[in-house]
Amino acid sequence: MLAFAALAEVGLAAEPDESTAPVSFAVSFSNVNAGLIKYSLLWTTDGGGDLTATFQIPTGHLQQIVFGGGYGGYSATLEDADGVDLFAGLGDSLSTDEAVVPVVSSLRPMLNDGTLGSPPGTVTLTISSVEGGDSGRIDIILGP
Amino acid sequence: MAGSIGVTVTDIGNGLTKYSIAWTSSSGGAVSGASFQMKTGHVEQIRYVPGSGVSADYAASLLDADGIDLFAATGSSLAATASVVVPVISSNSPILNDATLGSPPGSVTPTLSAAGNAKSGRIDVIVGP
């Protein structure tokens with residue numbers, strides 16, 4: 001059984017931009033089945049097409065990531081407190097809706113260590129190179 | 001013994017135990033000769049986190065009582081930035097630590113080389129069922 005992290009602290013920071021395009025970020029989570037938790041990240045970038053936001057996820061393997069949006073050529077990373085990309089580079093150049101599993105070997109998906117960071121389990125989502133003010137969704141399925 | 005280590009053991013949930021090894025190298029860039037005990041289980045993930053100024057291509061291993069490298073050579077040439085790996089010994093299983101080996105049982109010995117003069121870093125070993 002996964003331990004839930006408190007999601008009260010969700011930080012948001014976007015690089016200043018001349019445009020006044022809105023920036024927003026929201027995280028919701030739900031139990032989907034068999035000990036799996038889905039974190040659904042809804043994002044909208046600033047006028048420069050960038051967004052940086054922090055939130056917390058507990059210990060567990062990243063069983064699947066769905067990059068939704070279908071925008072051409074944007075990039076997404078999810079870095080932990082050590083700067084390790086939990087997407088394992090799979091968000092480098094996204095062009096269409098895509099479901100992936102970030103593996104660190106031929107047989108194991110990426111494991112998030114929910115004790116790292118302050119508060120524990122803090123990770124940072126970075127979106128770049130989208131057209132200004134565009135939005136999308138990333139679903140992270142976390143399991144034991 | 002060269003250099004020094006400090007080991008913190010944490011239950012991180014889901015049956016996983018994290019062994020966080022904080023290391024400091026000798027003037028020759030080495031760490032060796034200090035052991036700690038690790039439970040029986042598969043090594044689910046290793047996180048190599050070099051501190052400031054650690055030389056690229058430094059090397060780390062974790063030897064059990066038989067001299068088997070529980071890092072499965074994933075630490076043979078490490079980058080100067082943080083990275084994570086799973087040490088696999090076949091196409092279908094990560095390496096398994098046998099904690100009945102050694103004295104006291106489960107003794108393992110981290111060994112580093114070429115890390116630079118008096119540098120420091122951290123290695124997290126996450127052991128599961």
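This is a short walk through a two-chain predicted model, chain A first and then chain B.

Okay, some housekeeping. Residues count from 1 along each chain as its sequence is written, and chains are lettered from A, with ligands numbered from 1, in the order in which they are written. Since the model is predicted, local features need pLDDT of at least 70 and side-chain atom pairs count only at pLDDT 80 or more, while totals for chains, interfaces and linings use all residues.

So, chain A. It has zero helices and ten strands; here helices (H or I, at least four residues) and strands (E, at least two) are DSSP runs, numbered from the N terminus. How confident is the predictor in chain A? The mean pLDDT is 82, and 83% of the residues reach 70 or more, where pLDDT is the predictor's confidence in each residue, from 0 to 100. Among the elements of chain A, strand β1 (residues 11–13) has the lowest mean pLDDT, 53, and strand β8 (residues 111–112) has the highest, 96. Two stretches deserve some care. Residues 1–9 of chain A stay under 50, and the model gives them 25 contacts beyond four places in sequence. Residues 14–20 of chain A are also below 50, with 17 contacts beyond near neighbours in sequence. By a contact I mean two residues whose C-beta atoms, placed from the backbone, lie within 7 Å.

Buried residues make up 42% of the 144 residues in chain A. The cut-offs: buried is 20 or more other C-beta atoms within 10 Å of a residue's own, exposed is 12 or fewer, and partly exposed is in between, with C-beta atoms placed from the backbone. As for reach along the chain, take the contacts in chain A with a separation of 6 or more: 76% of them are between residues 24 or more positions apart.

Now look at strand β3 of chain A, residues 36–44. Which of its side chains are buried? Ile37(A), Tyr39(A), Leu41(A) and Trp43(A) point to one face and are buried, while Leu36(A), Lys38(A), Ser40(A), Leu42(A) and Thr44(A) point to the other face and are not. In a regular strand the side chains alternate between the two faces of the sheet.

β3(A) also has partners, and strands pair if DSSP finds at least two bridges between them. Strand β2 (residues 24–33) of chain A runs antiparallel to β3(A), joined by nine bridges; for instance, Ala26(A) has Leu42(A) as its bridge partner. The hairpin of β2(A) and β3(A) has two residues between the strands, and Ala34(A) there takes a positive phi near 50°. β3(A) pairs with strand β10 (residues 135–143) of chain A too, antiparallel over eight bridges, and Thr44(A) stands opposite Ser135(A) in β10(A).

Strand β4 of chain A, residues 51–56, is largely enclosed by the rest of the structure, because five of its six residues are buried. β4(A) pairs antiparallel with strand β9 (residues 122–128) of chain A over six bridges, with Thr52(A) bridging to Thr126(A).

Thr126(A) turns up again around Ala76(A). Leaving out residues up to four places away in sequence, Ala76(A) touches Phe67(A), Phe87(A), Gly91(A), Leu94(A), Leu125(A), Thr126(A), Ile127(A) and Ile138(A). In the largest nonpolar core, which has 62 residues, Ala76(A) and Val125(B) have the most contacts. A nonpolar core is a set of buried Ala, Val, Leu, Ile, Met, Phe, Trp, Tyr and Cys residues joined through C-beta atoms within 7 Å.

How do the chains meet? 18 residues of chain A are in contact with 21 residues of chain B.

On to chain B: zero helices and nine strands. Of its 129 residues, 40% count as buried, and the C-alpha atoms fill a box of roughly 35 × 30 × 25 Å along the principal axes.

Chain B has an open sheet of three strands, in the order β3-β8-β5, with antiparallel pairing. β3 (36–37) and β5 (59–63) are the edge strands, each pairing on one side only. β3(B) meets strand β8 (residues 107–113) of chain B over two bridges, and Phe36(B) has Val108(B) as its bridge partner.

Last stop, Gly67(B), in the loop between β5 and β6 (83–85) of chain B. Buried or exposed? Gly67(B) is exposed, because it has 8 other C-beta atoms within 10 Å. Its C-alpha atom is 9.1 Å from that of Thr109(B), 42 residues apart along the chain.
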